[in-house]
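Me: Hi! I have a protein to look at and I'm new to this. Can you walk me through it?
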Amino acid sequence: MRWNRFLLAASLTSSFFLYVPEVSSQSTPIVYKKRYAMGTVFEIVAYGDSAERISTAIDQALDEVVRLDNVMSNFKPESDLSRMNREAHFHPVRIPVELYKVIETSLVYSRLSDGEYDVSVAPVVDLWKAALAGGATPTAAEQAQARSCVGYEKIELMAPDQIEFHSHCTRVDLASIVKGYAVDRATAILRANGIQRAYIDAGGSTIYGMGSPPDRDGWLVHLRDPSNRLDPQVKLISNSVSTSEQTAASTLTGDAPGHIVVPGSGKPLRTRYAVSVTAKSATDSDALSTTLLLLGPEKGAALVSRLKDVTAVWVSADGQSTIAGSETTITVREAGAQADAERVGHDALPKEKKN
């Protein structure tokens with residue numbers, strides 16, 4: 001599962017490059033704002049008929065992201081997730097409805113992937129997180145103890161708002177799905193305020209495109225290409241895209257090559273791929289990007305074939321690619337020396353306006 005993005009800043013670049021067309025101040029008003037939450041920067045660009053109304057809507061959307069961070073943060077001891085992780089062992093506890101929904105969705109992908117995706121991996125993630133921060137590689141005994149705590153079957157949800165862990169050491173880490181859920185909630189708030197055209201970006205790893213920019217037929221997003229030899233891209237039109245990639249092996253030594261941990265083995269994933277996934281909701285694309293990176297192209301493509309409105313692309317460091325999905329919304333083409341492959345999407349965004 002993914003750890004908070006600040007831990008990866010030295011080793012990962014942004015997955016996306018977005019083209020936002022220039023818009024005259026005399027035509028369609030455009031507002032850009034950003035907010036730090038969930039260990040990353042959330043950014044929103046929106047068009048509408050009133051800059052003041054757009055600005056208010058964006059503020060409400062970003063406020064919701066911050067609120068959700070306070071509900072589902074692993075790093076804040078006062079969060080509802082932290083309280084749940086302390087108290088839900090062998091007896092039901094009530095949790096906020098949004099936390100219930102996110103865990104419920106995560107269990108869907110755990111079942112679909114036969115446990116390859118599993119938010120109960122928190123004890124193992126924390127073990128390797130300490131190694132990433134410069135600590136010693138976990139011993140075999142420590143790894144075995146942490147693995148014994150993992151298993152989505154140990155999590156029981158009782159509608160509408162209760163949860164119980166059937167293990168004394170199970171804990172949940174939602175870093176692989178919570179940013180997507182926050183993007184969906186921000187999108188819903190913008191829509192409720194009458195916004196029809198917007199781009200919502202959670203730290204470059206998950207993006208939602210509402211409608212399309214003026215005079216365009218979608219939000220063209222260039223995706224992560226570890227080879228710098230291909231140009232994977234997608235045009236978002238009221239859908240989302242998320243990307244997952246393992247931390248570079250040079251970040252750690254020994255058996256700690258990255259931040260994404262395989263629940264079954266309890267060890268960091270070894271892979272040469274980056275995977276990008278489109279879906280109707282950012283919650284789904286976020287969870288699926290980690291799921292499909294863990295599964296790899298062959299098993300992952302088989303899973304994608306069972307899902308509606310989902311497309312995925314795996315791109316390897318040596319320039320190989322695999323695309324799966326009933327609707328091929330992602331395209332890959334040879335691009336020679338891709339000058340913009342490592343550009344951060346923020347470069348294409350308009351400067352923040354004070355409203």
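Me: Thanks! Let's start with contacts: what share of those between residues at least 6 apart in sequence join residues at least 24 apart?
Reply: In the protein chain that share is 66%, where contact means heavy atoms within 4.5 Å.

Me: Before we go on, what kind of model is this?
Reply: It is a predicted model, where local features need pLDDT of at least 70 and side-chain atom pairs count only at pLDDT 80 or more, while totals for chains, interfaces and linings use all residues. Residues are numbered from 1 along each chain as its sequence is written, and side-chain values use heavy atoms, with hydrogens and water left out.

Me: Cool. How many helices and strands are there?
Reply: The protein chain has seven helices and 15 strands. These are DSSP runs numbered from the N terminus, with helices (H or I) of at least four residues and strands (E) of at least two.

Me: And how much of the chain is buried?
Reply: Of its 355 residues, 57% count as buried. Buried means under 20% relative accessible area, exposed means over 50%, and partly exposed is in between, using a 1.4 Å probe and protein chains only.

Me: Let's do helices. At what angle do H1 and H3 pack?
Reply: Helix H1 (residues 51–72) and helix H3 (residues 97–112) pack at about 75°, with their axes 10 Å apart. Axes are lines fitted to C-alpha atoms, for helices over the stretch in contact, and angles run from 0 to 180 degrees between N-to-C directions. H1 and H3 are therefore roughly perpendicular to each other, a label for angles of 65 to 115 degrees.

Me: Which residues make that contact?
Reply: H1 brings Arg67, Leu68, Val71 and Met72, and H3 brings Glu98, Leu99 and Val102. They divide into five nonpolar, no polar and two charged. Here Ala, Val, Leu, Ile, Met, Phe, Trp, Tyr, Cys and Pro count as nonpolar, Asp, Glu, Lys and Arg as charged, and the others, Gly among them, as polar.

Me: Switching to sheets: what is the strand order in the one with eight strands?
Reply: That open sheet runs S2-S3-S7-S8-S11-S12-S13-S14, with antiparallel pairing. Two strands pair if DSSP finds at least two bridges between them.

Me: Which strands stand at its edges?
Reply: Strand S2 (30–37) and strand S14 (321–325) do, each with a single partner strand, so one side of each has no neighbour in the sheet. Neighbouring strands of this sheet are turned by 10° against each other on average, direction ignored.

Me: Which helices sit on it, then?
Reply: H1 is one of them, touching S2 and S3, and its direction makes about 15° with that of S2. Helix H6 (residues 178–192) lies across S3, S7 and strand S8 (206–210), at about 20° to S8.

Me: How many bridges link S3 and S7?
Reply: Strand S3 (residues 40–47) and strand S7 (residues 197–202) pair in the antiparallel sense over six bridges. Phe42 stands opposite Ala202 in S7.

Me: I clicked on Ser205. Buried or exposed?
Reply: Ser205 is buried, with a relative accessible area of 9%. It lies in the loop between S7 and S8.

Me: Last one: what about the sheet with three strands?
Reply: That open sheet has the order S4-S6-S5, with antiparallel pairing. S5 and S6 pair over four bridges, and a hairpin joins S5 to S6 through three residues. The bridge partner of Leu157 in S6 is Ile163. H3 lies across S5 and S6, running at about 130° to S5.

Notes
Parallel < 35°, antiparallel > 145°, perpendicular 65-115°, else oblique.
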